[in-house]
Amino acid sequence: MNRFENKVALVTGSSQGIGAACALRLASEGADVIFNGRTLDERGEGLMKQVTDMGRKAHFLEADVSKIQNVVKLVQDAIAVYGHLDILVNNAGVEKNNDFWNVTEEEYDFVMDTNLKGVFFGIQAFVKYCKDQQRPGVIVNMSSVHEEIVFPHFAAYCASKGALKMLTRNLATELAPLNMRVNNVAPGAIATPINQKLLNNKEQLDNLLENIPMRKMGTPEDVAALVAFLCSDDAKYVTGSTYFVDGGLTYHYEEQ
Ligand code: NAI
Ligand code: BGC
């Protein structure tokens, strides 16, 4: 099924992990995709080849999305690459582990500028384009279960994802008259490089798995499947909410 025939999608932070899986999934259903990362390396080259092998077009735009001027230029360049842009997946995200009382301004800015400011102004650039051109547009933000549940020692990360929750609620109302939809995807524990330390620490990993009713981590492809649904016309009446892909982690209950 080619749900994204003639659609162009920009996925931020897509040279690895969840973003890479999202870009590949969208391409597998017909989209031409624009990858993004701070720099194009062999992984990016390999991902683009996978897309062109599927018979779709692929392009890579280098940009650090934590800087407003870069993220705005990224969206503008993405529009220019194939002449239009239909889907924006704000996936790039970072986290910093530190006790709240030791968090520095630099750490705070690193997390908030990437996870919130870049998303906010990237969406703004996309909305201006869709509004000016009177084109519909779809936005998916990669939030986290931690827009909802606590993650001690990751206060800035939780603040950024909690803010994405309200940003999406708010924008759904403002953007609906423009024929634009916006939703969040909230992954639980997904096996990607962001979790490398956890994956290398058996005790920590076992503790985490005890809190996941399905007793396993998810895959980037599990997340990409949900993103693809929300980007597609199957979700044409879906806006302003968060959809969890977490093996049951968020609302689990430990039976005694
Ligand atoms: P990852 O660390 O494997 O990938 C993140 C990607 O974003 C990397 O390619 C990185 O280079 C890119 N990136 C980071 N900052 C950037 C910037 N300023 N400009 C451009 N690119 C940048 O992490 P993963 O797991 O794939 O995470 C993707 C998203 O999913 C993040 O927003 C993360 O918060 C979210 N998430 C991940 C979960 C997990 O368990 N892996 C769970 C919940 C949410
Ligand atoms: C974090 C991961 C964490 C997962 C489950 C994600 O938002 O990025 O580090 O393992 O949530 O707690």
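Colleague: Which residues of α3 are exposed, on the other side of the helix from its buried ones?
Modeller: This is a predicted model, and exposed here stands for over 50% relative accessible area. On the side of α3 away from its buried residues, that label goes to Q69 and A80.

Colleague: Which residues of helix α3 are buried, and within what arc do they fall?
Modeller: Helix α3 covers residues 68–82, and its buried residues are V71, L74, V75, A78 and I79. Seen down the axis of α3, these buried residues line one face of the helix, because they fall within an arc of 130°.

Colleague: What covers the buried residues of α3?
Modeller: Here one looks for elements in contact with those residues, with heavy atoms within 4.5 Å. The cover includes three strands and a helix, namely β1 (8–11), β2 (32–37), β3 (58–62) and α4 (105–133).

Colleague: Which residue follows α3, and is this residue buried or exposed?
Modeller: α3 is followed by G83, whose phi is positive, near 90°. G83 is found in the loop between α3 and β4. Its relative accessibility is 54%. The cut-off for the upper class is over 50%, so G83 counts as exposed.

Colleague: How many Å apart in space are G83 and V8, C-alpha to C-alpha?
Modeller: In sequence, G83 and V8 are 75 residues apart. In space, taken from C-alpha to C-alpha, the distance between G83 and V8 is 9.1 Å.

Colleague: Where is N91, and is N91 buried or exposed?
Modeller: N91 has its place in the loop between β4 (87–90) and α4. Its relative accessible area is 11%. The cut-off is under 20%, so N91 is buried.

Colleague: Which residues is N91 in contact with, leaving aside its neighbours within four places in sequence?
Modeller: Neighbours within four places in sequence are set aside here. What remains in contact with N91 is V11, T12, G13, I18, G19 and M142.

Colleague: How many residues surround ligand 1?
Modeller: N91 is among the closest residues to ligand 1, together with D64, Y157, G188 and T192. By class, the shell around ligand 1 has 12 nonpolar, 14 polar and three charged residues. The number of residues that surround ligand 1 is 29.

Colleague: How many Å from a nitrogen atom of ligand 1 does a polar side-chain atom of D64 lie, and what percentage of the accessible area of ligand 1 does the protein cover?
Modeller: A polar side-chain atom of D64 and a nitrogen atom of ligand 1 are 2.8 Å apart. Of the 810 Å² of accessible area that ligand 1 has on its own, the part covered by the protein is 93%.

Colleague: How many Å from an oxygen atom of ligand 2 are side-chain atoms of E95, H146 and Y157, and what percentage of the accessible area of ligand 2 does the protein cover?
Modeller: From an oxygen atom of ligand 2, a polar side-chain atom of E95 lies 2.6 Å away, and one of H146 lies 2.7 Å away. For an N or O atom in the side chain of Y157, the distance to an oxygen atom of ligand 2 is 2.7 Å. Of the 310 Å² of accessible area that ligand 2 has on its own, the protein covers 92%.

Colleague: Which residues are around ligand 2?
Modeller: By class, the shell around ligand 2 has three nonpolar, four polar and one charged residues. By name, the residues around ligand 2 are E95, S144, H146, F151, Y157, G188, A189 and N195.

Definitions and conventions. Residues numbered from 1 in each chain as written. Chains lettered and ligands numbered in written order. Predicted model: local features only at pLDDT ≥ 70, side-chain atom pairs only at ≥ 80, totals over all residues. Heavy atoms only, no water. Near = heavy atom within 4 Å. Polar contact = N/O pair within 3.5 Å; in protein donor to acceptor, adjacent residues only side chain to side chain. Areas by Shrake-Rupley, 256 points an atom, 1.4 Å probe, with all protein chains shown as cover. Nonpolar A, V, L, I, M, F, W, Y, C, P; charged D, E, K, R; others polar. Buried < 20%, exposed > 50% of the residue type's maximum accessible area, 1.4 Å probe, protein only. Helix = DSSP H or I, 4+ residues; strand = E, 2+ residues; numbered from the N terminus. Arc of directions from axis to C-beta.
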